[in-house]
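Work through these exercises with the model open beside you. Try each task before you read its solution.

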Amino acid sequence: MIPILLIIPLAFAILSLLLPRKWTRTIVIPGLILQLGAALILCLTIYTEGPQDYALGDWQAPLGISLLADGFTVTLLALTALIAALCAIYALFFLERYNREQFYFWPLFWFLLASLNGIWLAADLFNLYVGLELLGLSAVGMVALTSERPALKAALDYLYAALFGSLAYLAGVALIYGAYGTLAIPQLSEMVAGNITTQVAVALMSVGLLLKTAIFPLHFWLPPAHGGALAPVSALLSALVVKASFYILALIWLDVGALAVTVSAAQLMGALGAGAILWGSWNAFKTPQVKMLVAYSTVAQLGYLMMLFPLAIGVSEAAATMAWQGTILHLLAHAFAKAAMFLSVGTLVLAIGHGRIADLGGVSQHMPMALFAFGLSAVSLMGLPPSGGFNAKWLLLQSAIQSGQWHWFVVIAGGGLLTAAYVFRIFRVSFTETVRHEIQATHPMLQLSALLLAFIAIGLGFASEWPLRLMDLTGGGTP
Amino acid sequence: MGVDLWYALVGAVIIALSVFAFISARHLMKKLLAFNMMGSGVFLIMVGLPQHQHGVDAVPQALVLTGIVVAVSATALALVILRRYVRSGGDPAP
C-alpha cells in the first residue's frame with residue numbers, strides 16, 4: 001500500500017507530460033480521487049493495524065531504501081492529499097485564463113505532490129535530501145510559471161536559497177554517515193551519541209533547513225516567491241512546501257540528534273521564532289500589497305513552529321508532549337487556513353485586476369464568499385476560538401506554563417494580537433461602501449474551494465482529537 | 001592522520017571557500033558556480049570520510065552519484081531561469 005502513494009503522483013506527472021495537451025486537465029480529477037483514496041486507505045490501515053514499513057525491492061534498511069508509515073506520517077499524507085485536491089480544483093478554474101502556464105502547472109503539481117509524499121514516508125536521511133531537492137525544483141518551477149521578470153527573480157532567489165540549504169543539509173548527512181555508517185533513521189536514533197561530530201552535523205543540517213523553512217532571519221526569499229506566484233501556487237507553497245523542511249528539522253532535533261542538542265540551542269531556536277513572529281507581522285502590517293501581506297503572515301506563523309524546540313527540549317515529559325501536539329495542530333491548522341487565505345485573496349485580486357490593499361474597497365458586497373473565507377481563515381490564524389489555530393495555541397500556552405517558560409507565553413499570546421492587527425487592515429478597507437474599481441465576475445468554484453478549506457481550518461477546532469489520536473501511533477522514534 | 005581525514009579536510013576547505021564565494025559574489029552566474037564547487041566539497045567528504053571504518057564503501061558512492069544527478073538538474077534549471085531572466089531585461093549582478 002505504501003509505495004502506491006508515490007506511484008500515483010509520479011505516474012500522473014509523467015502522463016500529463018506525455019499525453020496531448022487537451023488531456024492534461026481531464027486527468028486531474030481522477031488522479032486526485034485516486035490520491036485521496038489511497039491516503040485515506042493508508043490512514044485506516046495504520047489506525048487499525050499500527051505502523052508499517054516497506055522495503056523497496058525487498059532490500060533491507062542499511063543498503064535498501066525503506067519507507068515508514070506511522071500515525072504522524074499518515075496524518076501529513078492525508079493533509080497533503082486534501083489540500084492539494086482543493087488547490088487543484090481552484091487551479092482548474094483559475095488557470096483558464098493562463099493558457100501557456102496551465103500545461104506546465106500540472107506536471108509540476110504532480111511532482112510536487114510526489115516529493116511531499118516521499119518526504120513524509122522517507123525513513124532515512126538521504127531520501128529526505130532527495131525529497132527536499134525534488135520539492136525545491138518543482139516549487140521553483142511553479143514560482144517561475146508566468147516568466148515575468150519579478151517572478152523569475154523571485155524564482156532565482158528561491159532556487160539559490162533552496163540549493164544552498166540542501167547542500168548544507170547534505171554536508172551534515174555526510175558527517176553522520178562518516179561517523180555512524182548508516183543513514184536509516186530508526187537505527188540512527190539508537191546509535192547517535194552527543195559528541196562534537198554529531199553536534200557539527202546537526203548544526204549544518206539545521207542551518208540548511210532553517211533557510212529552506214524561511215525562518216527569520218533567513219526568510220528573505222519567501223515573501224517575493226510566495227507573494228508573487230499565481231494564487232494556487234502560493235497556496236501550495238505556503239500550506240505544504242515550507243512544512244516539509246520543518247518536519248525534517250523536528251525529526252533531527254527531537255529524534256535523531258536528541259542527545260546532541262542542548263537547552264540553550266533550543267532557546268536560540270525559540271528566539272528565531274519570536275523574531276519571525278515580530279518581523280513577519282510588522283512587515284505584513286506595512287505592505288501595500290494584499291498577497292505580500294499573506295506571504296509575510298506565513299513568515300510570522302512559521303515562527304510558532306519554532307516554539308516547539310524551547311518548549312519540548314529540556315522540560316518535563318508532560319510539557320513536551322503538549323508542545324509537540326500543539327505544534328502539530330498549528331502545522332495542520334495553518335496549512336488549511338493559509339491555503340484558504342491565499343485562494344480567497346487570489347480571487348479578490350483576480351476580480352479587481354491587481355493587488356493593492358487600498359483598492360479592495362467594496363468587495364464585501366460583490367464577493368461575500370471570498371471575504372468570508374478570508375475571515376474564517378483569519379480567525380484560525382489569530383487563534384480565536386473555535387478553530388484549529390485556537391486549540392494549537394492553547395496547547396502551546398499550556399506547555400509554556402507547565403515548564404515555567406513565561407517569556408514564550410508572552411510571545412505566543414502577543415503573536416495573536418499582532419496577527420489581528422494586520423488582518424483587520426483588509427476588513428477595514430473591504431467593508432467600506434465606495435467601490436474604487438470595476439469588479440469583474442469570477443467563477444463561483446474559486447470562492448467555494450477557498451471557503452471549504454477555511455471551514456476545515458475552523459472544524460479542526462472541534463475535531464482536534466482525531467489527528468492527535470492518530471499521531472500517537474508512532475513506531476517508537478518521534479516523541 | 002589517515003587518508004579519510006585528509007579527504008574530509010580538503011572537502012571542508014573547498015566548502016568553506018565556496019560558501020565564501022556564494023555569499024560574497026554578486027553575479028548570479030558566479031553564485032551558481034560556487035554552488036557547484038560546494039557540492040564537490042560535500043561529495044568529497046561523503047566518499048572520503050566513511051573509509052576509516054571498513055575501507056572503500058559502496059553506499060556513499062551510490063549516494064554521491066545520486067547527489068551529482070540532483071546537482072546537474074538543479075544547475076540546468078538555474079541556467080534556464082537565469083537566461084530567461086537576463087533576456088527579459090533583468091540584471092544578472094543585482
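**Exercise 1.** What percentage of helix and of strand does the chain have over residues 122-415 of chain A, and how far apart are the end C-alpha atoms?

*Solution.* Start with the ground rules. This is a predicted model, in which local features need pLDDT of at least 70, side-chain atom pairs count only at pLDDT 80 or more, and totals for chains, interfaces and linings use all residues. Residues are numbered from 1 along each chain as its sequence is written, while chains are lettered from A and ligands numbered from 1 in the order in which they are written.

Now assign the secondary structure. Helices (H or I, at least four residues) and strands (E, at least two) are DSSP runs, numbered from the N terminus. Over residues 122-415 of chain A, the result is 80% helix and 0% strand. The end C-alpha atoms are 33 Å apart.

Last, check the record. An unreviewed UniProt entry gives residues 122-415 of chain A the feature "domain: NADH:quinone oxidoreductase/Mrp antiporter transmembrane". Such annotations may be inferred rather than shown by experiment.

**Exercise 2.** Describe the side of chain B that touches chain A.

*Solution.* Count contacts, meaning residue pairs whose C-beta atoms, placed from the backbone, lie within 7 Å. Here 31 residues of chain B contact 24 residues of chain A. Next, find the source elements. In chain B, helix 1 (3-24), helix 2 (28-48) and helix 4 (58-87) each supply at least two residues of this side. Helix 4 of chain B gives the most, with 14 residues.

Then sort by class. Nonpolar covers Ala, Val, Leu, Ile, Met, Phe, Trp, Tyr, Cys and Pro; charged covers Asp, Glu, Lys and Arg; the others, Gly among them, are polar. The side of chain B that touches chain A has 21 nonpolar, eight polar and two charged residues.

**Exercise 3.** Locate two cis peptide bonds in chain A.

*Solution.* Most peptide bonds are trans. The bond from A:F216 to A:P217 is cis, with omega near 0°. A:P217 sits in the loop between helix 9 (196-213) and helix 10 (222-228) of chain A. Another cis bond joins A:P385 and A:P386, with omega about -5°. A:P386 is in the loop between helix 17 (368-382) and helix 18 (388-402) of chain A.

**Exercise 4.** Is A:A214 buried or exposed?

*Solution.* Apply the cut-offs to C-beta atoms placed from the backbone: 20 or more others within 10 Å is buried, 12 or fewer is exposed, and in between is partly exposed. A:A214 is buried because 28 other C-beta atoms lie within 10 Å. A:A214 also has a positive phi of about 60°, although it is not a glycine.

Technical notes
Contact = placed C-beta atoms within 7 Å.
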